Amino acid sequence: MLAHYTPSRVSESPQAAVPGPIRSLFDGYQCHPTAWDELFAAPGRPHPHCESLVSRQGELTISEFQHLRGNADLVFINQGITFSVYADRRGVEKIFPFDLIPRPVAAAEWKTIESGLHQRIQALNLFLFDIYNDQRILKEGIVPADLALQSKAYRPEMVGFEPPGRQYLHVVGSDLVRDATGKFLVLEDNGRTPSGVSYVLENRVVMKKLFPKLFQRFRVRRVEDYPQRLREALGAVAPPASGDSPCVVLLSPGPYNSAYFEHSFLARHMGVELVLGPDLFVHEDRVFLKTTRGPKRVDVIYRRLDDDFLDPEVFRSDSLLGVPGLMRAYRAGNVTLANAVGTGVADDKAIYPFVEEMIRFYLAEEPILGNVPTYICARPTELAYVLEHLEELVVKPVAESGGYGLLMGPSSTVAQRSEFAAKIRENPRNYIAQPVVTLSTCPTWTDEGLAPRHVDLRPYVVSGTSSWVLPGGLTRTALVKGSLVVNSSQGGGSKDTWVMEDGR
Amino acid sequence: MISRVAEHCLWLSRYLERAENTARILEVNETLLLDFDVPVEQQWRPLLIISGIHDVPGEIDGEAVQNYLTWEPANPSSIVSSIVAARENARIIREVISADMWERINYYHLWIKSDEARLLYSRSRTEFYCQIKRMNQLIHGITEGTMSHGEAWDFYLLGKYLERGCQTARILDVKYHILLPRPELIGTPIDIAHWMAILTSCSGYEPFHKKRLSGDLGISVADFLILDPLFPRSVRYCVSRAQRALHAISGQPISDPGNAVEHAIDTLVHWLNQVNIDELVKSGLHEELTQVVNQIHKIGELVHLTYFDVQVGGLAETSESGLPSTSMSEEDDPASVAKARVSGSSSQSQSQAAQEFQSVS
């Protein structure tokens, strides 16, 4: 959700300023006036870790580049790497637009991201164990108890329950953005069922097909290990009684889910069965798979189904996608669910402002990766600041989602601001405020040639008994000029993310 | 393997086989009667009948029939519907089939939906149907060469041979429907041309002529297409291959049928092994072929009950012995009904299944 970021003014079409025909790719590319550019430190001058990339890809003419783009689209179409469009009853499938200019991340920068994510996820995991058990952080007033316990994602069914290895967050995909000074910040944490990793892997396959020489010259870190790492992590958290080769399955909502391709992709690459709810049943608190040779015990379920749909006995009773009795089997310790139930409270918007405090509380460390600065109106000094600076801030009610009821300071009227100020004063606990961040940009192919488009970055962290950060991630890019919305459902595209090896 | 996945494997190959057989029939019929002055009605109505469509009112027009059997999305047996359903089954079990298979099936689907396919259809009907045949043969070859020959493959073969056996029986039955109004045509050049066309639609023209050249032509062709032990599209061959696949799935020796479906197919194989063509003709070819088609349907239903409809009860009943078996309940699993499954030949069950398929798409 990037709706609260206002676009800055973007320069005119890059070609408008350049007379005559443009022959090679980066000729005439003009950086965004204020945003950080992922490739160029200044117009025509790439960052050190991007120099060779710019010079090699820059040798391509526009028509060669266009030709490669066509090839890339064909690979996606022929392999059926598509997502379904729900609105169409005939099941029209579209490809996720893929941009051929990679988004590089320097080795040193990646180290910071990597250690920052390790730290953050460790703290979030400790937070989850704490709020479902001793609730120390609530008792000590670090996180307001009502915010945590009244979160819609808080699951009383998890109270007093200890998942194997105290691991709740087996897969996390946090969304990072880079501000105008070049600093990475965490925009949100996705600790439920984050998606998109299959595109990371498929994008890399396509890039290797199209630019084999680039990969020979640059040491780009491999992303291909992801499925194996995930498989190992899932095996490591199997119930102790399940023996040496636990049965791991991936539970999907089904072929009509827009992420079905990814579910199928991961099952295939991990070598585990993809199952739907009706393929499973619970008998005497144990989970079984319906096979042609009769029922088979299941030990670990990597579920890509939200809590609400998991078990009609406990959650939504109208769910046909889940497995009746699954929570009983889970609480009896006979099956591991990944991610654990009730993790949504850790990525709740109301909890987000406290993650830095959590890190200090549980780990006694300073946060390596910061949040987007957030003012909590419940705190008197911050409330005073917010009320004085409404014009510069985005103010959000914590209880709402989907961008409802917020104030976009820079584009608001005096009347709107005074009306909002009254609301905040009335119930300060319900509001947080953030400054407007201009997302970094990356050269991206558009109808007018290469132009800066805003990007974010979703790295993936896999945790079993230990954690591993995939060296790469999904770079999502807005395709519309000035837009800060990168979601695929909003017409965003993606890029291959290149994490460089040391010394590059 | 997961019951639902096994079911998709079976239906993937059934739909592919169905698309190919429809193309074969249309291709032959298109060129069949060029030399003869046969009323359009008589040439095309039988094609609708063997597709299970008995009640088309009014005049039948050749173009309309071809269009209906090739392109009509509302007709669940049309070539395009079969390819869409095959591709959907493949997509659902993408993690089970090979990457090469998926890519080709996906391409097949993209092609049939393309302008290119429409253009070929309008330029050369024969070339269009040949292309369908070739694509199917290519997919089958790729499958044979890239998919592990384990349980999924056995279900794939089972679906393929059950469908093909049924289709061959139906193609032969066309003859019955064409001749029905005009018994005086038997033995005439047009009758001979019909028989040759039927052989050709099953790729049986050459193998047939290598085998028998004497006696009544019609009876010889029927004998060949029903009872030949080696020709890969004969009913007997298909049923015995389906039997082989069933026993590969269960691990039970063929000589010792274990479950209900193995008993049912054993009975059919035995009958096909010992019956001769004169007996079939005597008791009525149409009646006997209808019987065969019904038997194959029954086998399909038993496969469903034996392998796809695993019931929770199966565990409780056998948990003491430690050898849980699958349930033989008569009830149809409502979850599997909702899937892309078209059973049998009756137009009613086809359109019902088609509606169910569309409602979940």
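**Helices, strands and cores in a predicted two-chain model**

Reader: In this predicted model, what distance does helix H6 of chain A reach from its first C-alpha to its last?

Author: Helix H6 of chain A covers residues 197-210, which makes 14 residues. At 1.5 Å a residue, the expected span is 20 Å. The computed reach is close to that expectation, at 20 Å.

Reader: How many residues of H6(A) are buried?

Author: The buried residues include Val197(A), Tyr199(A), Leu201(A), Glu202(A) and Arg204(A). H6(A) is largely enclosed by the rest of the structure, because the buried residues number 11 of the 14.

Reader: Which residues have the most contacts inside the largest nonpolar core?

Author: The largest nonpolar core has 227 residues. Helix H8 of chain B, residues 151-179, gives the most to this core, with 13 residues. In soluble globular proteins, nonpolar side chains tend to be buried together. The residues with the most contacts inside the core are Tyr226(A), Ile301(A), Phe155(B), Leu158(B) and Ile226(B).

Reader: Which residues does Tyr226(A) touch, leaving out those up to four places away in sequence?

Author: Two of the residues touched by Tyr226(A) are Val197(A) and Leu201(A), and both are among the buried residues of H6(A). The full set is Val171(A), Val197(A), Leu201(A), Leu266(A), Tyr460(A), Val462(A), Trp468(A) and Leu470(A).

Reader: Of how many residues is the other core, which lies apart from the largest one?

Author: This other core includes Cys377(A), Leu383(A), Val395(A) and Ala433(A). Cys377(A) counts as buried because its relative accessibility is 1%, and buried means under 20%. The core is of 13 residues.

Reader: How far from the sulfur of Cys238(B) is the nearest cysteine sulfur?

Author: The count of disulfides over all chains is zero. Cys238(B) is buried, with a relative accessible area of 0%. A disulfide requires sulfur atoms within 2.5 Å. Cys238(B) is in no disulfide, and the nearest cysteine sulfur, that of Cys202(B), is away by 9.3 Å.

Reader: Which strands are the edge strands of the open sheet with the order E17-E20-E18-E19 in chain A?

Author: The sheet has four strands with antiparallel pairing. Strand E18, residues 393-397, is joined to E19(A) by two bridges, and Val394(A) stands opposite Met408(A). An edge strand pairs on one side only, which identifies E17(A) and E19(A).

Reader: Which residue of E16(A) is the bridge partner of Leu185(A)?

Author: Leu185(A) lies in strand E8 and is the bridge partner of Val177(A), with E7(A) and E8(A) pairing in the antiparallel sense over four bridges. E7(A) and E8(A) form a hairpin with five residues between them, and Gly182(A) in the turn has a positive phi of about 95 degrees. E8(A) also pairs with strand E16, in the parallel sense over two bridges. In E16(A), the partner of Leu185(A) is Gly370(A).

Reader: Is Glu301(B) buried or exposed?

Author: Glu301(B) has its place in helix H15 of chain B, residues 285-308. The C-alpha atoms of Glu301(B) and Val261(B) are separated by 8.5 Å. Exposed means over 50% relative accessible area; at 53%, Glu301(B) is exposed.

Reader: What percentage of the residues in chain B is buried?

Author: Chain B has 18 helices and zero strands. Of its contacts with a separation of 6 or more, 64% are between residues 24 or more positions apart. Among the 361 residues of chain B, the buried share is 58%.

Reader: Over which residues of chain A does pLDDT stay under 50?

Author: The mean pLDDT of chain A is 88, and 90% of its residues reach 70 or more. The stretch with pLDDT under 50 has 54 contacts beyond four places in sequence in the model, and covers residues 1-20.

Technical notes: Residues are numbered from 1 along each chain as its sequence is written. Chains are lettered from A and ligands numbered from 1 in the order in which they are written. This is a predicted model: local features need pLDDT of at least 70, side-chain atom pairs count only at pLDDT 80 or more; totals for chains, interfaces and linings use all residues. Side-chain values use heavy atoms; hydrogens and water are left out. The expected span of a helix is 1.5 Å times one less than its number of residues. Buried means under 20% relative accessible area, exposed over 50%, partly exposed in between (1.4 Å probe, protein chains only). pLDDT is the predictor's confidence in each residue, from 0 to 100. Contact means heavy atoms within 4.5 Å. A nonpolar core is a set of buried Ala, Val, Leu, Ile, Met, Phe, Trp, Tyr and Cys residues joined through side-chain atoms within 4.5 Å. Two strands pair if DSSP finds at least two bridges between them.
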